[in-house]
Every structure is written in structure tokens, then in C-alpha cells.
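Grab a coffee and work through these short exercises with the model open beside you. Each one has a task, then a solution in steps.

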Amino acid sequence: MPSCPNINTCRLINAPLDFVSGSDIKIYRRIYCTTDRFSGCRRFQFKQKEGFCPDFVLPDTQESHEDILDRFDNEPDN
Ligand code: SF4
């Protein structure tokens, strides 16, 4: 079965973020990262367009692309 091409570099999976539980990461991996559903992952989609993906974006994030960009631009560290 295909898996996400970002699986070895994606921070959600490889540098677990403190606002996402380990059990949620396991679920995301099972639903998106290790299946052909990776193309529906918002992190995958955003990175395809922008070349990067902010940490706060999750595979099932509902915010629009523009809202994600605005939120990223307004984060204090960016
Ligand atoms: S969270 Fe999304 S971008 Fe990251 S490895 Fe999984 S499917 Fe790929």
C-alpha cells in the first residue's frame, strides 16, 4: 500500500508536537500517513502548494488555505 512521501520528514510524525497526543498521532498515521489517503491530508496538501507546513496544521484541519497562511503570518515567531 502506498504511504505519504513526507512520512520520514513530517514533523507531526517525526517530532511529535506537544499539543497532539501520541494516541492521536497513531490514529493519523493509520488513517492518512500509511495509506493512499495521504493525498487528503491537509498537511500534505499545504506542503504541496507552499513547500512547507506549519506545525499547527493537522491532517483533518478544517481551516481554508488562506486562513492557514494568515494564521502562520500572524504567529509571533514567524
Ligand atoms: S501527517 Fe500528512 S503530510 Fe504528514 S506524513 Fe502523515 S499524511 Fe504525510
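**Exercise 1: the overall fold**

Work out which pattern of elements the protein follows along its sequence, and how compact the protein is.

*Solution.* Step 1: reading along the sequence, you get α-α-α-α. That fits the tally of 4 helices and 0 strands. Keep in mind that this is a predicted model.

Step 2: check the compactness. The radius of gyration is 12 Å, close to the 12 Å that the globule rule gives for 78 residues, so the protein is as compact as a globular protein of that length.

Step 3: put a box around it. Along the principal axes, the C-alpha atoms fill roughly 35 × 25 × 20 Å. Of the 78 residues, 19% count as buried. As for contacts between residues at least 6 apart in sequence, 36% of them join residues at least 24 apart.

**Exercise 2: the nonpolar core**

List the residues of the largest nonpolar core and find the helix that gives it the largest share.

*Solution.* Step 1: this core has 10 residues, namely Cys4, Cys10, Leu12, Ile13, Tyr28, Tyr32, Cys33, Phe38, Cys41 and Phe44.

Step 2: sort them by element. H1 and H2 are the elements that give two or more residues to this core, and the largest share, 3 residues, comes from H2. As a general rule, nonpolar side chains tend to be buried together in soluble globular proteins.

Step 3: zoom in on one member. Leaving out residues up to four places away in sequence, Phe44 touches Cys4, Asn6, Phe38 and Ser39.

**Exercise 3: two helices, two faces**

For H2 and then H3, say which residues are buried and which exposed ones sit on the opposite face.

*Solution.* Step 1: in H2, the buried residues are Tyr28, Tyr32 and Cys33. Looking down the axis of H2, they fall within an arc of 65°, so they line one face of the helix.

Step 2: turn H2 around. The face pointing away from the buried side carries the exposed residues Ser23, Lys26 and Arg30. H1 is part of what covers the buried residues of H2.

Step 3: now H3, where Arg43, Phe44 and Phe46 are buried. Their arc, seen down the axis of H3, is 165°, so they too line one face of the helix.

Step 4: the face of H3 turned away from that side has the exposed residues Gln48 and Lys49. The buried residues of H3 pack against H1 and helix H4 (65–73). After H3 comes Gly51, with a positive phi near 85°.

**Exercise 4: around the ligand**

Find the residues that come nearest to the ligand and describe the shell by element and by class.

*Solution.* Step 1: there are 14 residues around the ligand, and Cys4, Cys10, Cys33, Cys41 and Arg43 come nearest.

Step 2: helix H1 (11–14), helix H2 (22–33) and helix H3 (42–50) each give two or more residues to this shell. H2 supplies the largest share, 3 residues.

Step 3: by class, the shell has 12 nonpolar, 1 polar and 1 charged residues.

**Exercise 5: the start of the chain**

Is Met1 buried or exposed?

*Solution.* Step 1: locate Met1, which lies in the segment before H1.

Step 2: count its neighbours. Met1 has 5 C-beta neighbours inside 10 Å, and a residue with 12 or fewer is exposed, so Met1 counts as exposed.

Step 3: look at what Met1 meets. Not counting residues up to four places away in sequence, Met1 touches Thr35 and Asp36. Ile13 is 12 residues from Met1 in sequence and 18 Å from it in space, C-alpha to C-alpha.

Technical notes:
Residues are numbered from 1 along each chain as its sequence is written. This is a predicted model: local features need pLDDT of at least 70, side-chain atom pairs count only at pLDDT 80 or more; totals for chains, interfaces and linings use all residues. A residue is near a molecule or strand if its C-beta atom, placed from the backbone, lies within 6 Å of it. Ala, Val, Leu, Ile, Met, Phe, Trp, Tyr, Cys and Pro count as nonpolar, Asp, Glu, Lys and Arg as charged, and the others, Gly among them, as polar. A nonpolar core is a set of buried Ala, Val, Leu, Ile, Met, Phe, Trp, Tyr and Cys residues joined through C-beta atoms within 7 Å. A residue is buried if 20 or more other C-beta atoms lie within 10 Å of its own, exposed if 12 or fewer, and partly exposed in between; C-beta atoms are placed from the backbone. Two residues are in contact if their C-beta atoms, placed from the backbone, lie within 7 Å. The radius of gyration is taken over C-alpha atoms; the globule rule is 2.2 Å times the number of residues to the power 0.38. The arc is that of the directions from the helix axis to the C-beta atoms.
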